[in-house]
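Colleague: I would like a close look at one part of this model, namely a charged side chain and its surroundings, with the reasoning spelled out step by step. Please take the rest of the fold only as far as it helps to place that part.

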Amino acid sequence: MTLPCFVLVAQAGELEIKAILLATSIRRFEGSEATIIVAVPQPRQIWGELSESANAALARLQVSIQSIENPFALRYPIANKIAALALVDAHQPAILLDSDILMMRPVGANSLPDSHFAARPADFPTFSQAREPWEKVYAVCGESYRHQIIQSALSRHEMPIYFNAGVLCLNRAESFANTWMQFCLRIDQHPDIANKRPFLDQIALPPALSAHSWSYAILDEPFNYPAHIKPLHPDFTPVFCHYHYPGTILAEPSLSRFVWALMDEVPEIVSLMEKHPHWRDLNETRSRFYPVIVDWHRVWKKQQQPNLLISGVPRSGTSFLTSVLNRQANVVVVNEPAQVFIPLQRSRYPWGIAMLYRQFRSDLLLGKGIANKTVDQSKVPDTYKNNSTRQTYPHVEADDLLIGMKNTIACLSRIACLRRVMPDLQIITCIRHPYDTIDSWVNSFPHLRHAAVEHLPVGGLNDPFISEAARERLAIIGADPDLMKKRALLWRHFAELIKEQHKNTVWVRYEDLSAAPLQVLEALSKFLGRELCWSDELSVVTSSRRQELSRKEQASINEICWPIASHFGYAPDQK
């Protein structure tokens, strides 16, 4: 099989940093035999000139630097890559790459589809899911509409064929590039086609395929991995990692280590990064955490610590456990961040939660601190009594710190959804004897005091993304007029949610944490893969007010909460 030609764009400014990193990564895995075309837009009066450092780095990498012209000029710079595609020899297959991509393992000649055109579906249907707008697009291009439905890569929406143009594999690239550019111009000039920027290049792809009578193949996710949205799994390495922003690199330990290693191969890039604040951050963290990289492969493949979620039954020790973990070296657990609710409310694929973990990691590495709920950690923290948030600056010893979040009802109710976007998420769920839990709810938040499941913003009766079994349980709670029974039913519901979890999950009883904290921490150390230590400054309140429950109330709890409570080792007479 003929080796493909790799095509990318470099221009003055931040894009030259991205292009150099991409070209360096291609050389790392494809060797000196690979043809790399770096297209530089002209004239320089519009696009500027590559810096001396950039030219020196590209010369070191032995790439072919060629000039291009974009008929859109500055009106649509993305079209530079279409002009770049036309540079490829007619008989050589091409892989067109957005410059904000890194190659992280070899392509493999036999892994590419045997097709004229291959790409990933767009992550989201950013143009239109409807047929009518696409019929206009095809008509403007002089083509008949192709009614073929595919699924968007991340949101899983059905849509007419619509591709992510970040990675394209093509044969006969020059003729296709000319058609693609002409169709972009036609669509752009047509007043009746709306919502065409910035995705004009992607909108013009399907009619261009139709004009050439080409079929298409779907690239697997490793060939265009959306790292700006989807976290990297510790055991997974993509071929092409589409990171988009330097902040993505900084927030992903495997990516940052990989880039730090690439920087040793092109020292000119360090001075270029210093000119751009976000890239400067990456350079500064490199100096802080890895001043000298001896074995680049060992460094960037170092095992990444999965993220952590602390959840469970409200008022069962989650806040206290958060305080215990926040006293550990290189561990930061954010207590009830408000940012979790919007991603959970919007989709059964809450990518925003994964991005939140990465934002916390990035901010901590840069020393920016994070907003967190903190109280006197020598006592049991109680977010009902102390619900204030302040900016904190935890000490970070290494870039592989453990990032955790604590949230009870919302995250507990949607663990299945969280698993879809973070399959390696480690989860600790807390539970407490129903007598003590339910009694504590009486003087707690209104939604617990009244078991008001219809008012919960996530995980309540109106949540469209919970399971049918959960919805049936919540409906029973909402319909019962007896307040004590409602609370007991709500405890049972939370216990059922905990019992359903298996993968990467461990549950902790409040009673064990208070009576035998050393044994609990030993078990959690094995679960998390890092040593946890107990501090004598910590103490947990073990008082119980369950004796205030009437016999009738205890009988109601016993009837409803057993046998699920026995699954966790509880009995009606257990303190």
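How does E500 count by relative accessibility: buried, partly exposed or exposed?

Modeller: Everything that follows refers to a predicted model. E500 has a relative accessibility of 37% and therefore counts as partly exposed, since that class lies between the limit of under 20% for buried and the limit of over 50% for exposed. Its charged partner is R473, with which E500 forms a salt bridge whose closest N and O atoms are 3.7 Å apart. Because E500 sits in the loop between α21 (483-499) and β19 (505-509), while R473 belongs to helix α20 (residues 468-479), the pair ties together parts of the chain that are 27 residues apart in sequence. The two partners fall into separate classes of accessibility, for R473, at 17%, counts as buried. Elsewhere, salt bridges that share partners join R75, D188 and R197 into one network.

As for the general idea, side chains of opposite charge can pair when their charged atoms come close. The structure holds 18 salt bridges, and two others make useful companions to the one you asked about. D264 pairs with R286, with 2.3 Å between the closest N and O atoms; here too distant parts of the chain are linked, D264 being in helix α9 (residues 253-265) and R286 in helix α11 (residues 277-289), 22 residues apart. In this pair D264 is partly exposed at 39%, whereas R286, at 12%, counts as buried. E274 and R280 form a further salt bridge, with their closest N and O atoms 3.8 Å apart; E274 is partly exposed, with a relative accessible area of 35%, and R280 is also partly exposed, at 27%.

The two elements that flank the loop of E500 lead on to the sheet. β19 belongs to an open sheet of five strands, ordered β14-β17-β13-β18-β19 and paired in parallel. Because β14 (331-335) and β19 stand at the edges with a single partner strand each, one side of each is left without a neighbour in the sheet. From one strand to the next the twist averages 20°. Further inside the order, three bridges join β13 (residues 308-312) to β17 (residues 402-406), and these two strands run parallel; I310 stands opposite K406 in β17. Helix α21, on the other side of the loop of E500, packs on this sheet, touching β13, β18 and β19, and its direction makes about 150° with that of β18.

One residue beside β18 deserves attention as well. L425 is found in the loop between α17 (415-421) and β18 (426-431), and at 1% relative accessibility it counts as buried. Leaving aside residues up to four places away in sequence, L425 touches N307, L308, L309, Y357, L418, R419 and N504; of these, L308 and L309 fall within the residue range of β13, and N504 falls in the loop that also holds E500. The C-alpha atom of L425 is separated by 5.9 Å from that of P306, although the two residues are 119 apart along the chain.

Definitions and conventions. Residues are numbered from 1 along each chain as its sequence is written. This is a predicted model: local features need pLDDT of at least 70, side-chain atom pairs count only at pLDDT 80 or more; totals for chains, interfaces and linings use all residues. Side-chain values use heavy atoms; hydrogens and water are left out. Helices (H or I, at least four residues) and strands (E, at least two) are DSSP runs, numbered from the N terminus. Buried means under 20% relative accessible area, exposed over 50%, partly exposed in between (1.4 Å probe, protein chains only). Contact means heavy atoms within 4.5 Å. A salt bridge is a side-chain nitrogen of Lys or Arg within 4 Å of a carboxyl oxygen of Asp or Glu. Two strands pair if DSSP finds at least two bridges between them. Axes are lines fitted to C-alpha atoms, for helices over the stretch in contact, and angles run from 0 to 180 degrees between N-to-C directions.
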